[in-house]
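Work through the exercises below with the sequence and the model at hand. Each task is followed by a worked solution.

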Amino acid sequence: QRQLLARRAAQRRRLEQQEREEARQREQEACDPSAFRRAVEADAAGHLRRVELKRRQRALRQAAQNHEEVAMRQRIEALTVEAKARHEAEAAHRRHIALQA
């Protein structure tokens, strides 16, 4: 049991030492202007990536919308051509019937 207590105490001392070391490192980074500059640059780079991603998404949405509009215009054109052809066929049929009468 004493060994267990000794192991736990040693483990606690190591954790405390590690925490002190991390705190000292954070303090040094806070005082280090180049670390601050690196953090600002990383933040700016992240911002630029997000802006670029949004720009790409906007461009893709616009392309999809344009594609849908073109497809719709093509469908309208096809239906118009089909309706004209049907109208002409019906008119020709009516003329044919009128000539036979």
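The exercises go from the whole chain to single salt bridges.

This is a predicted model, in which local features need pLDDT of at least 70 and side-chain atom pairs count only at pLDDT 80 or more, while totals for chains, interfaces and linings use all residues. Residues are numbered from 1 along each chain as its sequence is written, and side-chain values use heavy atoms, with hydrogens and water left out.

**Exercise 1.** Describe the overall form of the chain.

Solution. Start with secondary structure: the chain has 2 helices and 0 strands (DSSP runs, H or I of at least four residues for helices and E of at least two for strands, numbered from the N terminus). Next, take the extent: the C-alpha trace spans about 120 × 45 × 5 Å along its principal axes. Then compare the radius of gyration, taken over C-alpha atoms, with the globule rule of 2.2 Å times the number of residues to the power 0.38. The chain has 38 Å, whereas a compact globule of 101 residues would have a value near 13 Å.

**Exercise 2.** Determine what share of the residues is buried, and describe the surface.

Solution. Apply the cut-offs: buried means under 20% relative accessible area, exposed over 50%, and partly exposed in between (1.4 Å probe, protein chains only). By this rule, 4% of the 101 residues count as buried. The accessible surface, from the Shrake-Rupley method with a 1.4 Å probe, comes to about 9,800 Å². Carbon and sulfur atoms account for 55% of that surface.

**Exercise 3.** Analyse the salt bridge between Arg-24 and Glu-21.

Solution. A salt bridge needs a side-chain nitrogen of Lys or Arg within 4 Å of a carboxyl oxygen of Asp or Glu. The structure holds 6 of them. In this pair the closest N and O atoms are 2.4 Å apart. Both residues lie in helix H1 (residues 2–31), 3 residues apart, about one turn of the helix. Arg-24 is partly exposed at 45%, and Glu-21 is partly exposed at 37%.

**Exercise 4.** Locate salt bridges in helix H2 (residues 33–100).

Solution. Take Glu-52 and Arg-56: their closest N and O atoms are 3.3 Å apart. These two residues are 4 residues apart in helix H2, about one helical turn, and Glu-52 is partly exposed at 29%. Now take Glu-82 and Arg-86, with closest N and O atoms 3.1 Å apart. Again the spacing is 4 residues in helix H2, about one helical turn. Glu-82 has 44% relative accessibility and Arg-86 has 46%, partly exposed. Finally, look for shared partners: Glu-52, Arg-55 and Arg-56 are joined into one network by salt bridges.
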